[in-house]
Amino acid sequence: MTRAADEVVCLAGVQASFAEASTQSLPKMAGLRLAESTVERATEAAGRRVGAALTAGQTFGPAKDWAWHKDAEGKTVAYVSADATGVAQQGPKGAEAEGRMANVVMIYNPIPDDRASWANPHGPRPPWQARYLATLGPMQTLGAPLRRQGAQVGMDRAERWVALSDGGAGLEEFLRQNFPRVEVVILDFYHAAEHLADLAKLWHPKDEGAAAALGAAWRHRLKHEGGAVVLAELRGLDLRGKSASAREGHRQTVGYFANQLHRMDYPTYRARGWQIGSGPVESACKTVVGQRLSGAGMRWGEGGADAVCQLRALFRGERGQWDAFWNPK
C-alpha cells in the first residue's frame, strides 16, 4: 500500500473492528477493498512502529508549550495520572486465555471551573489538552516516554505538578518515581466515597434511606473536613450488635483509609483549586482502550492488543499527534 492508503486503513482499523473496517468503512469512504486480515496486519504494524519510536526516544511533531491553567493560588499546574484496565485475551487455536491489564498513563491540562483560573480568562473556552500512552507491557516502560511527552508540551514550565490515581497498587510509586516534582498524589475522591457508601449499606442493611443518609454525611465530611476526621469517626463506631459482614466491612474500610490517609486532604486540595477526581484517566481507559479492544466477544493476542493500544493512544491524544506520526516531514 502507499503511505496514504496505509494511513487510511489504520485510521479505520483503530476506530472499529477489523471486519467492519474491511467490509464497511474502507469500501464506502475510500473505495478500498481489503481483506480483514490485511487491515489487521496494517493496523498492528503501525502500532508497533509507534511503540518502537516512543521507546527509541522519539516524539511526534514540534515542541510547543501548553498554556497551563492556574490554581486558586495563581500558580500554573500540570497534571499527570495513571491507571489500568482489562483486555480479554485469546490463547492458541482460539482458546480462552487469562486477561491482561492494559496500562494507561497521561499528562493533561484540565480546564478549571473558575474562568479566572484559565490561562487566558478573557479568551474563548480553551480546548481539552492531553497526551496518552498505553501498553500491555509493564507500566514502568511508559515512564520515560511520558516524561518526553511532558517535555514536549512544556511541563517543566508549569509551576506545580499534581498527580491523581485511584489508589491501585504501584500507581503512586510510578508517578513519584517518574515525576519527582509532583507535590501530592491525590486519591480519587469518588473511589474513597464509594468505600464509605458500601460501609453505610452494611451498617443499615434493611434501611436504604438510613444507609444513603449516613453515606452522604460521611462523604460530606470527607470532602470538607478530610480523611483524618472521617477515619477518626470510623474508628469510633460502636460495633456491638453489628453483623459479621458489617464488622468485616468496617475493618476493611478503616484499613483502606489508614493506608490512603496521606492522600485524602481534600479541603486543602479544593482550597488550592486542584482537581480531586481521577475521571480523566478513567475516561482514557475507556476511550483509548475499552472502546476499541473490549467490544462484545473481542479477544486478543498479546502482541496485537499492545500494538492497537499504542496506536489508539496516539489517535485519541492531542490533535496533531496522529498527523505528525504519519507525515514526519
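1. Leaving aside its neighbours within four places in sequence, which residues is serine 25 in contact with? In this predicted model, they are Ala12, Glu20 and Ala30. Serine 25 belongs to helix 2, which runs over residues 18–30, and with a relative accessible area of 18% serine 25 is counted as buried. That value can be set beside the cut-off, since a residue is called buried when its relative accessible area is under 20%.

2. As for the protein as a whole, its secondary structure comes to 13 helices and 5 strands, and the C-alpha trace spans about 70 × 50 × 35 Å along its principal axes. The protein has 329 residues, of which 47% count as buried, while the area that the protein exposes is about 15900 Å², with 50% of it supplied by carbon and sulfur atoms. If one takes the contacts between residues at least 6 apart in sequence, 69% of them join residues at least 24 apart.

3. On charge, the protein carries 40 positive and 35 negative side chains, and the centres of these two sets lie 3 Å apart.

4. A student may wish to check the cysteines. A disulfide is a covalent bond between the sulfur atoms of two cysteines, and a search of the whole structure finds 0 of them. For cysteine 10, the closest cysteine sulfur is that of cysteine 309, at 15 Å, which is too far for a bond. For cysteine 285, the closest cysteine sulfur is likewise in cysteine 309, at 9.8 Å, and this too is too far for a bond; the cut-off behind such a statement is 2.5 Å between the sulfur atoms. Cysteine 10 is buried, with a relative accessible area of 0%, and cysteine 285 is also buried, at 5%.

5. Helix 8, residues 227–235, deserves a look from the side of its buried residues, which include Gly227, Val230, Leu231 and Leu234. These residues cover an arc of only 100 degrees around the axis, so they are on the same side of helix 8. In an α-helix there are 3.6 residues a turn, so residues three or four places apart point the same way. The buried residues of helix 8 pack against helix 6 (189–203), helix 7 (208–225) and helix 9 (244–260).

6. Glutamine 149 is placed in helix 4, residues 143–152, and at 4% relative accessibility it counts as buried. Once its neighbours within four places in sequence are left aside, glutamine 149 is in contact with Leu54, Thr59, Ile107, Arg131, Leu133 and Gln321.

7. Phenylalanine 174, in helix 5 (residues 171–178), is buried with a relative accessible area of 1%. Beyond its neighbours within four places in sequence, its contacts are Ala82, Val105, Met139, Gln140, Leu142 and Gly143. For one of these, leucine 142, the separation from phenylalanine 174 is 32 residues in sequence and 9.5 Å in space, from C-alpha to C-alpha.

8. Is aspartate 323 buried, partly exposed or exposed? Aspartate 323, which is found in helix 13 (residues 321–326), is partly exposed, with a relative accessible area of 44%. Aspartate 323 and phenylalanine 60 stand 263 residues apart in sequence, yet their C-alpha atoms are 8.6 Å apart in space.

Technical notes. Residues are numbered from 1 along each chain as its sequence is written. This is a predicted model: local features need pLDDT of at least 70, side-chain atom pairs count only at pLDDT 80 or more; totals for chains, interfaces and linings use all residues. Side-chain values use heavy atoms; hydrogens and water are left out. Buried means under 20% relative accessible area, exposed over 50%, partly exposed in between (1.4 Å probe, protein chains only). Helices (H or I, at least four residues) and strands (E, at least two) are DSSP runs, numbered from the N terminus. Contact means heavy atoms within 4.5 Å. Accessible areas come from the Shrake-Rupley method with a 1.4 Å probe; for residues, only the protein chains shown count as cover. Lys and Arg count as positive and Asp and Glu as negative; His and the chain ends are not counted. The place of a charge is taken as NZ of Lys, CZ of Arg, CG of Asp or CD of Glu. The arc is that of the directions from the helix axis to the C-beta atoms.
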